[in-house]
Amino acid sequence: MREIVMNEESLVERALAFSIAHSVPVFPCRQDKSPACRHGHLDASSDPNVIRELFAHQDARLIGLPTGTVSGICVLDIDRAKKEGVVDGFSWLEANSAELPQTRVVR
C-alpha cells in the first residue's frame, strides 16, 4: 500500500471542494481521526474563509464532517466482538438489517 503525503495547501483545497460539492460543513482531524480544532464537529463550517482558518492547524491531516441533522448523514459503525460471549456487531446487523433503510456500505 502506498502512503499519500498531502501538503497543507492541497488538504485545504480538498476540504473546500468537498464542502462545496456535497453542501456540507467540514472540520480538520488529526491522523488518528480526532478533531484538530477546539470544539470538534461543532466548529465545522461551509464558509471558505473559516475552512481555510480551521485547516491551517498544524495537526490537520484529514477532512471530517459532522453527522446527523447538520449534514443529513448518519453513520452506523459496526465492529467485531473483542471478547468471547459479547454480541458481535455484524451478528446484530444481520439480525436487524430489515429495519434499516437501504444505504451505502463501506468496509
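A compact globule of 107 residues would have a radius of gyration near 13 Å, whereas the protein chain in this predicted model has 17 Å. Along the principal axes, the C-alpha atoms of the protein chain fill a box of roughly 45 × 30 × 25 Å. Of the 107 residues in the protein chain, 25% are buried.

The secondary structure of the protein chain amounts to three helices and two strands, and a reader who follows the sequence meets them in the pattern α-β-α-β-α. If one takes the contacts in the protein chain between residues at least 6 apart in sequence, 53% of them join residues at least 24 apart.

**The nonpolar core**

In soluble globular proteins, nonpolar side chains tend to be buried together. The largest nonpolar core of this model has 13 residues, and those with the most contacts inside it are Ala15, Val26, Phe27, Ile51 and Phe55. Helix 1 (8-22), strand 1 (27-29) and helix 2 (48-54) are the elements that give two or more residues to this core, and helix 1 gives the most, with four residues.

Which residues does Val26 touch, when residues up to four places away in sequence are not counted? Its partners are Ala15, Phe18, Ser19, Ala44, Ser45, Ile51, Leu54, Phe55, Ile63 and Gly64.

One of these partners, Ile63, lies in strand 2. Ile63 and Val26 are 37 residues apart in sequence, yet their C-alpha atoms are 6.6 Å apart in space. Not counting residues up to four places away in sequence, Ile63 touches Leu11, Arg14, Ala15, Val26, Phe27 and Phe55. Is Ile63 buried, exposed or partly exposed, given a relative accessibility of 32%? Ile63 counts as partly exposed, because its 32% falls between the limit for buried residues, under 20%, and the limit for exposed residues, over 50%.

**The largest pocket**

Rolling a probe the size of a water molecule over the atoms shows where empty space is left. In this model, about 1500 Å³ of space lies in the largest pocket. The pocket is lined by 27 residues, of which Cys74, Val75, Leu76, Arg104 and Val106 are the closest to its centre. Helix 1, strand 1, strand 2 (62-64) and helix 3 (89-96) each supply at least two residues of this lining. When the lining residues are sorted by class, 19 are nonpolar, four are polar and four are charged.

**Two residues with positive phi**

Ser23 has a phi near 50°, a positive value in a residue other than glycine, and Lys33, which is not a glycine either, has a positive phi of about 80°. The table sets out the place and the relative accessibility of these two residues.

| Residue | Place in the chain | Relative accessibility |
|---|---|---|
| Ser23 | loop between helix 1 and strand 1 | 62% |
| Lys33 | loop between strand 1 and helix 2 | 67% |

Why does Ser23 count as exposed? Ser23 counts as exposed because its relative accessibility is 62%, and the cut-off for exposed residues is over 50%. Lys33, at 67% relative accessibility, therefore counts as exposed as well.

How values were computed. Residues are numbered from 1 along each chain as its sequence is written. This is a predicted model: local features need pLDDT of at least 70, side-chain atom pairs count only at pLDDT 80 or more; totals for chains, interfaces and linings use all residues. Side-chain values use heavy atoms; hydrogens and water are left out. A nonpolar core is a set of buried Ala, Val, Leu, Ile, Met, Phe, Trp, Tyr and Cys residues joined through side-chain atoms within 4.5 Å. Buried means under 20% relative accessible area, exposed over 50%, partly exposed in between (1.4 Å probe, protein chains only). Contact means heavy atoms within 4.5 Å. On a 1 Å grid over the protein atoms alone, a cavity is a set of points where a 1.4 Å probe fits but cannot get out, and a pocket is an open set with protein on both sides within 12 Å along at least five of seven lines; lining residues have an atom within 4 Å of a point. Grid points are joined across faces, edges and corners, and a volume is the space filled by probe spheres set on the points. Ala, Val, Leu, Ile, Met, Phe, Trp, Tyr, Cys and Pro count as nonpolar, Asp, Glu, Lys and Arg as charged, and the others, Gly among them, as polar. The radius of gyration is taken over C-alpha atoms; the globule rule is 2.2 Å times the number of residues to the power 0.38.
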